[in-house]
Amino acid sequence: MKDINFPLFKTKSDVYRKFDLTDVKSRQEYFEYKAGPEIKKLREFLKDNTFIAYLLGKKSSGKGTYSKMFAEVVDKDHVAHFSVGDMVRSFDEIIKDESKKKEFVEFLKKNYRGFISLEDIIKSLENRSTKTLLPTELILALAKKEISARGGEGRKAIFIDGFPRDFDQISYSLFFRDLINYRDDPDVFVLIDVPSSVIDERVKFRVICPVCNTSRNLKLLPTKKVEYNKEEKKFDLICDNSSCQGSKMVTKEGDEQGIGPIKERLEKDEGLIKQAMNLQGLPKILLKNCVPVEKASEYTDDYEITPEFSYEYDEKTGEIKTLEKPWEVADDEGVLSNSLMPPPVVVSLIKQLTKALGLDAESV
Ligand SMILES: [Zn+2]
């Protein structure tokens, strides 16, 4: 990302200890090892307090992955992830169901104020016209409803994913916590810097199971079993889920084009990050997903680097050999870089958030 230079965050430990970051148990031990004191402070804080974190990063930069992992590691019961995109997609179901639709319209009649008429909004939702941008006023009214409905037994800290999404929404976000009655809770911006080339390969090599919809990646996140398709001369991942009975994972239509179709969106997201960088008066957490290859050993432990997988088929034995090496990609400035696994990025988030909340100086 030109003009934006997030500092590298050091996650390399003084005493080397190897962890398997794809294994749930080993991953939890990793977090305790790398950020134990900070996790403890955050848990203590979350018993009586909450925060709001706005996630800002390019489409497919891992916003959901990072915040869900944060919740899993720190405190599932007190941290929630709220996706505006998921909320908007849920409108599809609501519009199809007469009674839900009635309730939805009733709510909006009472709570929506804005320039576009409610009739026009409902009409465009019914036509499922994705072109129609839903007005910010509507998104805000519904986000408020959703967040208060999730409150349940108590208020939670929330990671907001997908808002702000447009330039005008950056200013709205400054008042968002007042709007959802979180006025006295600290809010922070979490900005994520991921090279476009990383997103491109994540999309291009992504495959999904047609039965259970699990998403994997032929190059970056394979399943345990791989098969060779002799006719098409290509390798297929077999879904790990035993109930899928060896289902072959497939590429979703359009994914083979990588970031081609979403280039404009990515540029806009970049612009939003740049604008948010200049925001004053609230803390900013900067997460960087990559590290230059030549600095990797100084800043990270080897197992924190995303590996790249490739396969070889042996004609004679019919066996498939899986090869693994550190994945290398050019970042947005053209510097050859390694991409980080999600856990070290979450360690960086945990440590920076502890500081942003002012917990680093306190003794536990
Ligand atoms: Zn499956």
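**Entry 1: strand β4 and its neighbours**

I began with β4 and β9, which pair in the parallel sense over five bridges. I picked one contact to find on screen: I192 has L287 in β9 as its bridge partner. A reminder to myself before going on: this is a predicted model.

Next I looked for another partner of β4. Strand β1 (residues 52-57) is joined to β4 by six bridges, and these two strands run parallel. Here I looked up L55, whose bridge partner in β4 is V190.

Is β4 mostly covered or not? I checked residues 187-193 and found that seven of the seven are buried. Then I sorted the side chains by direction. D187, F189, L191 and D193 point one way, while V188, V190 and I192 point the other way, and all are buried. I noted that two aspartates, D187 and D193, are in that buried set.

**Entry 2: the hairpin, and a long span**

I moved on to β11 (residues 307-313) and β12 (residues 320-326), which run antiparallel and are joined by seven bridges. To get my bearings I located P307, which stands opposite P326 in β12. Six residues lie between the two strands of this hairpin, and G318 there takes a positive phi near 75°.

How far is G318 from L272? I looked up the C-alpha atoms and got a separation of 50 Å, for residues that are 46 apart along the chain. L272 belongs to helix α10 (residues 263-277). Its side of the story is a covered one: L272 is buried, at 2% relative accessibility.

**Entry 3: backbone oddities**

A note to keep in mind here: most residues other than glycine have a negative phi, and most peptide bonds are trans. I went looking for exceptions.

K233 is one of them, with a positive phi of about 50° although it is not a glycine. I found K233 in the loop between β7 (225-229) and β8 (234-238). Buried or exposed? At 63% relative accessibility K233 counts as exposed, because the cut-off for that class is over 50%.

Q245 is another non-glycine residue with a positive phi, near 50°. I placed Q245 in the loop between β8 and α10. Q245 is exposed too, with a relative accessible area of 72%.

For the peptide bonds, I stopped at the one from F163 to P164, which is cis, with omega near 0°. P164 sits in the loop between β3 (157-161) and α7 (167-173).

**Entry 4: aromatic rings**

I looked up the aromatic pairs and found 16 in the structure. I chose F19 and Y33 for a closer look: they form a tilted pair, 5.6 Å centre to centre, with 45° between the planes. Why does this pair tie together separate parts of the chain? F19 lies in the segment before α1 (24-48) and Y33 lies in helix α1, so the pair links parts that are 14 residues apart in sequence.

The two partners have their own accessibility values. F19 is buried, with a relative accessible area of 4%, whereas Y33 is partly exposed at 31%. I also saw that R17 lies over the face of Y33, at 5.1 Å from the ring centre.

Which residues form one aromatic cluster with F19 and Y33? I listed Y16, Y30, F31 and Y303 as the other members.

**Entry 5: a pocket**

I turned to the second largest pocket, with a volume of about 240 Å³. Its lining is made of F107, N111, R113, E137, L140, A141, K144, K145, Y172 and L179. Two elements give two or more residues to this lining, α4 (98-111) and α6 (136-150). Helix α6 supplies the largest share, five residues. By class I noted five nonpolar, one polar and four charged residues.

Two of the lining residues turned up in another search: the charged end of K145 sits over the ring of F107, 5.0 Å from its centre.

**Entry 6: a cavity**

Last, I checked for enclosed space. The structure holds two cavities of 30 Å³ or more, and the largest has about 110 Å³ of space. Of the 15 residues lining that largest cavity, L8, F9, K288, L340 and S348 lie nearest its centre. The elements giving two or more residues to the lining are β9 (284-288), β10 (290-292) and α12 (342-356). By class, this lining has 11 nonpolar, three polar and one charged residue. That brought me back to β9, the strand that pairs with β4.

How values were computed
Residues are numbered from 1 along each chain as its sequence is written. This is a predicted model: local features need pLDDT of at least 70, side-chain atom pairs count only at pLDDT 80 or more; totals for chains, interfaces and linings use all residues. Side-chain values use heavy atoms; hydrogens and water are left out. On a 1 Å grid over the protein atoms alone, a cavity is a set of points where a 1.4 Å probe fits but cannot get out, and a pocket is an open set with protein on both sides within 12 Å along at least five of seven lines; lining residues have an atom within 4 Å of a point. Grid points are joined across faces, edges and corners, and a volume is the space filled by probe spheres set on the points. Helices (H or I, at least four residues) and strands (E, at least two) are DSSP runs, numbered from the N terminus. Ala, Val, Leu, Ile, Met, Phe, Trp, Tyr, Cys and Pro count as nonpolar, Asp, Glu, Lys and Arg as charged, and the others, Gly among them, as polar. Rings of Phe, Tyr and Trp (its six-membered ring) pair if their centres lie within 6.5 Å; planes under 30 degrees apart count as stacked, over 60 as edge-to-face and the rest as tilted. Buried means under 20% relative accessible area, exposed over 50%, partly exposed in between (1.4 Å probe, protein chains only). A charge sits over a ring if NZ of Lys or CZ of Arg is within 6 Å of the ring centre and within 35 degrees of the ring normal. Two strands pair if DSSP finds at least two bridges between them.
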